[in-house]
Amino acid sequence: MKKVVIDPITRIEGHLRAEVVVDEAGLVHEAYVSGQLFRGIEIILQGRDPRDAGLLAGRICGVCTNSHFRGAVTCVEDAYKIEIPKNAEIIRDLMTMALFIQDHVVHFYHLHLLDFVDVTSALSADVKATSKEAHKYAVRPFRNSHTHYEAVLERLSNFVKAGKLGPFANGYWGHNAYKLTPEQNLILISHYLEALKFQTNISKAIAIFGGKTPHPQSFVVGGVTSVADMLNPQRLNDYLFIIKEAKDFIDRAYLPDMKLLVDAYKEEMQAGVGRANGNFLSVGGYAFDKETHLFDGGVVFNHDFANIEAFDGSKVSEEIDRAWYKKVGDTEEVCYTDLNEDGSLKTEKNDDKYSWIKAPRYGGKTMECGPLARVLVSYSQNNRLIRSFVDEFLQACDIKLIDLSSTVGRNAARAIESSYICEYIFKLVSNLIQNIKYYDTDTWARYRFEELPKETKGGAFLEVPRGVLSHFVNIKEQKIANYSVIAPTTWNASPKGLDGLRGAYEEALVGIKIEDTSKPLEVLRVLHSFDPCLACAVHVLDTKGKELGRYKIKTL
Ligand code: NI
């Protein structure tokens, strides 16, 4: 047995460290996933005006700014029992939905794709065969001309001739786990470059109602401030135009690319590579009429989709036994224990602390949340909107629902969700136009802050791109006395507790096989499939602490 340490697997949102215990054959027997960066925004929020919670909480993350902004504002509204007007809800949804598709596309193409695509192999692709290959997965493939692929190849070979691969440097090129043909690699690289433009455009869509993005400004406790934008047909039209373009990319590039990937990795999906423990959590939400929600809420244990429990927020708890905190009276204090002398995490004893991430539990169980959980739970709850999208994908790929519970399946769920969300956005905009047409232009629930309760508590659970987000606030003397956040990554990257249960990341790592421990591509695939927001630099240690190699993976 030896320990393979990958630290930090860093992207934008903090430092993630993974230690896996592997046998001689490279099989992973145990995993420890550790959040290495203390956030502390909750402490900064103490003593502040509750109306400022949104702008401060938005700073928790540079990627999920919008999600925490909305989570905090919604949680304060819950504390004050403020109901916001329908239009405010729609405007918030239009921004959140655009963020969903932005996050999913950026995640797949720019944060995860190179775990599956060998850039150097694409250089030997034949452009005519590439164009033909793309037609296997799409009726009208996105930018599929020979001249386009020739231009992509020229850009790539210019990188190589200059002696540097630019954003594609430092990959594990040539690794045996890369299965795609040169032509398939070229299709995906072409879409990688196209997705950069997608990212720019969709940011504009969010900024139309948010003022800017990241860190939009337009949510306030009681509603939204983007009234002039909502009433300006040109602004609505601009937004719709961007979403139509986004849908075009999603349906003609993103979804077909996912079918291509599923085709290549079908056996791994069917074998459940990267599968966690089968416990899924979705809180649902985003209603667009009385009966229909974008996502259904529900809780699944052990892949038992026939017996879904209703979500009950009171069953959520957070353990700190193996996280770097200790209980002192009613509060939690930071209690950091250093690494072992050899640089590894202290994990030998059952109560050793090894992460800044706390351990959320639902009814005492560790759960997976995120797009996969939403898709599986909503599908199994007979969500009539999402079912047709899932069925079409499963049939086209000739796979079963359970096969989605895997590394590649997590990505497939994101692509399915993106296509589905675009449809929903068009319905939302038409609801908004309908309201305005009948002179319902309210965007703010009127209240006087001085008349609101001085002491109150509130909470909000909402689905955001990476999964279930919850914010809780305790208000005393009109000031925030205590604040608490459970982010999607907190659920998925949960450390063990005294119960010994593994979080979703750890569970998904156990059982995978690493072909070459100096190039742990398989570990990266599993962790990246959860979309944990990390910029990566990897080094590997053996059990004696000797450094075997140091690897940097650059992502955009
Ligand atoms: Ni984030």
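The following paragraphs lead through selected cores, helices, loops and backbone features of a predicted model.

Local features are reported only at pLDDT of at least 70 and side-chain atom pairs only at pLDDT 80 or more, whereas totals for chains, interfaces and linings use all residues. Residues are numbered from 1 along each chain as its sequence is written, and side-chain values use heavy atoms, with hydrogens and water left out.

The interior is a suitable starting point. The largest nonpolar core has 160 residues, among which Tyr 239 and Tyr 483 touch the most other members; such a core is a set of buried Ala, Val, Leu, Ile, Met, Phe, Trp, Tyr and Cys residues joined through side-chain atoms within 4.5 Å. Helix H10 (residues 233–270) supplies the largest share of this core, 17 residues. A second, separate core of ten residues includes Val 283, Tyr 362, Met 367 and Val 468. Buried here means under 20% relative accessible area, exposed over 50%, and partly exposed in between (1.4 Å probe, protein chains only). Helices (H or I, at least four residues) and strands (E, at least two) are DSSP runs numbered from the N terminus. Beyond four places in sequence, Tyr 483 touches Glu 42, Leu 45, Ala 53, Ala 57, Ala 72, Cys 75, His 471, Phe 472 and Val 473, where contact means heavy atoms within 4.5 Å.

Two helices illustrate burial. In helix H16 (residues 521–529), nine of nine residues are buried, including Glu 522, Arg 525 and His 528. Helix H4 (residues 86–112) contains Gln 102, which counts as buried because its relative accessibility is 10%. The side chain of Gln 102 makes a polar contact of 2.9 Å with the side chain of Ser 203. A polar contact is a pair of N or O atoms within 3.5 Å; within protein, one must be able to donate a hydrogen and the other to accept it, and residues adjacent in sequence count only if both atoms are side-chain atoms. Apart from neighbours within four places in sequence, Gln 102 is in contact with Phe 198, Gln 199, Ile 202, Ser 203 and Ile 206.

Asp 352 offers a case of burial within a loop. This residue lies between strand S10 (331–334) and strand S11 (359–362), and Asp 352 is classed as buried because its relative accessibility is 11%. Its side chain reaches the backbone nitrogen of Glu 348 at 3.0 Å, and a polar atom of that side chain lies 2.7 Å from the backbone nitrogen of Lys 349. Not counting residues up to four places away in sequence, Asp 352 touches Arg 322, Lys 346 and Thr 347.

The backbone also merits attention. Most residues other than glycine have a negative phi, and most peptide bonds are trans. Thr 213 and Pro 214 are joined by a cis peptide bond, with omega about 0°; Pro 214 is found in the loop between helix H8 (182–210) and strand S4 (219–220). Tyr 286, in strand S6 (residues 280–287), has a positive phi of about 65° and counts as buried because its relative accessibility is 10%. Tyr 439 has a positive phi near 60° and is placed in the loop between helix H13 (407–437) and strand S12 (456–464). Tyr 439 counts as exposed because its relative accessibility is 76%. Asp 531, which follows H16, has a positive phi near 60°.
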